[in-house]
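Welcome! Please open the model in your viewer and switch to a cartoon view, and we will walk through it together, one selection at a time.

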Amino acid sequence: MNLLRRRLLVVLGPTSIGKTDLALQLAHKFQGELISVDSRQVYRGLDIGTGKLPGKEVAVKKGEGFWEMNGIKIWMYDVVDPKKQYSVFDYVKDAGRVIEEIRKRGKLPIIVGGTGLYLKALLEGLSNLSIPSDKKLRGQLQKFTKQELQEKLMKIALKRWEAMNFSDRENPRRLVRAIELVISPRTSPYGYLRGISASYNILKIGLTAPREALYKKINDKILELIQERIVDEVSKLIKKGLSKKRLMELGLEYAVVLEYLEKKISLDQMIEQMQNKVRQYARRQITWFKKEKNVFWFNVTGEGFAKKIEKLISKWYNISKYAAES
C-alpha cells in the first residue's frame, strides 16, 4: 500500500475558532472535500446550534449526507434523524466509507471538527465501540439521577470521567453507557474496531488562540446564533416531534433554548447561560486536544497564520505527491 498517495488532512481545535472557514479555504486550494467530525452535525435540522454554516457567507446546496458550500462538499452533515441515536461506532463506519470514496475520486479528504472522541475513534480505533448494551444493567442505571450517575462514574472510573466533554457529562444516556463499558462483563462481537491512521499519510493542523480571544469569539458566535434564529430552529424541532428529553440530551445551546421557550429563563439569561456552557465545552476540547499527538499548532490571532498553514500543507502535499509518482 502506498501511504504517500493516500493523504489525509485534519483540521482540529475548539469550537468557534474558525476551523470550517479555514478548511473550506484549504479545500479550494488543494482540491479537497471536507468530512465533519462532530457528534451533533450528523443530525438533520440541527443546523444553527451546531454551527454547520461557516463564519463567512457562502452559497449552500444540500445533498444526501452532505452540504455543498461554494462548490466544496462537507460530508457527515444531515446523516440521521435527531430522534434516533447515532453512536460513535456508527460514525466511524460511515465516515471511513466517505473518506475512501473521496480518495478514489482523486480528491484530498479533509477532516474538520472538534469532537475529540469521534476523531480518536476514526483515526486510531476503539476496542469498546461495538460492545452490546446490557439491558439488565441499563435498567438499574436508568433509575439513577444524573448526579448519581456522575458520582458513580467518578468513583469507578475517574479517568474515563475526566476524558468526557461537558456535553457528555450532562447526558444521562452517555453516562449510563460509560458506566456500562466499565462494569459490564460483555465483550464486542466484532472485536477491535480498527482506525484508519495506518492506511493514510496524515497531517494534523490544530487551531488555537489566547483564552480571552477564544472566549470573545464564542460570545460573539452565540449572539450570531440568536440573530440566525436558533430559537425558531428549536421550536420547529419540537413541532416536528423531537421530545424535550431528546433536546436536553443534545445539550449545550439546545438545552438552554428549551428552558427559554418554557419561560424558565429570560432572553438575557439564555444568552449568558449559552455563552458559559460553550466556553466550558471549549475548555474541555482544549484539554482533550492537548493529548493529541503530532499536531502542528497555529494561533489564529497571529499575523498570516493561514498562509503559514498553506505553506506547510503545500510542502507535505507536494512531497507526498512527488514521492508517490516517482
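In which sense do β1 and β9 pair, and over how many bridges? Select both strands and look along them: β1 and β9 run parallel, joined by six bridges. As you look, keep in mind that this is a predicted model.

**Stop 1: β9 and its partners.** Start with β9, residues 201-208. Colour this strand by burial and you will find that six of its eight residues are buried, so β9 is largely enclosed by the rest of the structure. For a landmark on the β1 side, show L9, which stands opposite L203 of β9. Now turn to β10: β9 and β10 are parallel too, with five bridges between them. Here you can pick out G206, whose bridge partner in β10 is W297.

**Stop 2: the other side of β1.** Next, select β1 (residues 7-12) together with β6 (residues 108-113). This pair is parallel as well, over four bridges. Show V11 and you will see its bridge partner in β6, V112.

**Stop 3: the whole sheet.** Zoom out and select every strand in the order β3-β4-β5-β2-β6-β1-β9-β10. These eight strands make an open sheet with mixed pairing. At the edges are β3 (60-62) and β10 (295-299); each has a single partner strand, so one side of each lacks a neighbour in the sheet. Tilt the view to follow the twist: on average, neighbouring strands are turned by 25° against each other, direction ignored.

**Stop 4: a helix across the sheet.** Add α2, residues 88-104, to the selection. This helix lies across β1, β2 (32-36), β5 (72-75) and β6. Against β2, α2 runs at about 180°.

**Stop 5: α2 and α3.** Finally, bring in α3, residues 116-124. What angle do α2 and α3 make, and how far apart are their axes? They pack at about 55°, with the axes 9 Å apart. Angles that are neither under 35 degrees, over 145, nor from 65 to 115 count as oblique, which means α2 is oblique to α3. The crossing is right-handed.

To see what fills the contact, show side chains for V88, Y91, V92, A95, G96 and I99 on α2, and for L117, Y118, A121 and L122 on α3. By class, nine of the contact residues are nonpolar, one is polar and none is charged.

Technical notes: Residues numbered from 1 in each chain as written. Predicted model: local features only at pLDDT ≥ 70, side-chain atom pairs only at ≥ 80, totals over all residues. Heavy atoms only, no water. Axes fitted to C-alpha atoms, helices over the stretch in contact; angles between N-to-C directions. Helix = DSSP H or I, 4+ residues; strand = E, 2+ residues; numbered from the N terminus. Left-handed = near helix turned anticlockwise from the far one by under 90°. Contact = heavy atoms within 4.5 Å. Nonpolar A, V, L, I, M, F, W, Y, C, P; charged D, E, K, R; others polar. Pairing = 2+ DSSP bridges. Buried < 20%, exposed > 50% of the residue type's maximum accessible area, 1.4 Å probe, protein only.
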